[in-house]
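Trainee: Could you take one part of this model and go through it with me slowly? I would like to see how its pieces relate to one another.

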Amino acid sequence: MSTVRNYITPSGLQRLKDEHRFLLTRERPAVTLVVAWAASNGDRSENADYQYGKRRLRQIDRRIHFLTKRIDGAEVVDPATPRSGRAATRVFFGATVRYANAAGTERVVSVVGTDEVDLDRSHISWVSPLARALMKSGPGDRVVLHAPGRTETLLVLEVRYERIPVEPFREPPGAESAAKPR
């Protein structure tokens, strides 16, 4: 059993729950119907629909199992909850941090759970090298980032706590449960 905590924002947890519900109530039943139909066609050893369907069911079941464990072990931390004292001005899980590198280039990142990483939105995992370097620092602090292949000094400019929007779960294109054009 892993001892690493599964911190997650409320919207990140909702995304996992939405995917879990989709797989259990829509995708798995749809694939099961395809497998049952393919099995009814006779010889299963050379039946591509049957072979593919069984493989897809195993993938879905593995993903459902993974999501169930992640959801059950989730420790929800709401970044929008007001913080007092040191916790309001220091970088912890859920912080949105503005910092500058030695060249003066500014970046803004939000520290989120491992299931919520979205580099296009500058959402970084709380266990990433950058987040670890920023942890417990506050405005005006200099931190050293030890990233693969480089070491960099960063200046923390601002730390704030606010709701971090997470991209909601969307049904993947080509899902078995998707409405098929007639």
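How many of the 6 residues of strand β3 (residues 95-100) are buried, and why is the strand enclosed or open with respect to the rest of the structure?

Mentor: Keep in mind as we go that this is a predicted model. In strand β3, which covers residues 95-100, 5 of the 6 residues are buried, so the strand is largely enclosed by the rest of the structure; buried here means a relative accessible area under 20%.

Now consider the strands that pair with β3. Strand β7, residues 150-161, pairs with β3 in the antiparallel sense over 6 bridges, and within this pairing A95 stands opposite Y161 of β7. Strand β4, residues 106-112, also runs antiparallel to β3 and is joined to it by 5 bridges, where A100 has E106 of β4 as its bridge partner. The hairpin that β3 and β4 form has 5 residues between the strands, and in this hairpin G104 takes a positive phi near 90 degrees.

It also helps to look at what comes before β3 in the chain. A87 lies in the loop between β2 (74-76) and β3, and it is partly exposed, with a relative accessible area of 29%. If its neighbours within four places in sequence are left aside, A87 is in contact with F92 and Y161, and Y161 is the residue of β7 that stands opposite A95. Finally, A87 and S137 are 50 residues apart in sequence, while their C-alpha atoms are 10 Å apart in space.

How values were computed. Residues are numbered from 1 along each chain as its sequence is written. This is a predicted model: local features need pLDDT of at least 70, side-chain atom pairs count only at pLDDT 80 or more; totals for chains, interfaces and linings use all residues. Side-chain values use heavy atoms; hydrogens and water are left out. Buried means under 20% relative accessible area, exposed over 50%, partly exposed in between (1.4 Å probe, protein chains only). Helices (H or I, at least four residues) and strands (E, at least two) are DSSP runs, numbered from the N terminus. Two strands pair if DSSP finds at least two bridges between them. Contact means heavy atoms within 4.5 Å.
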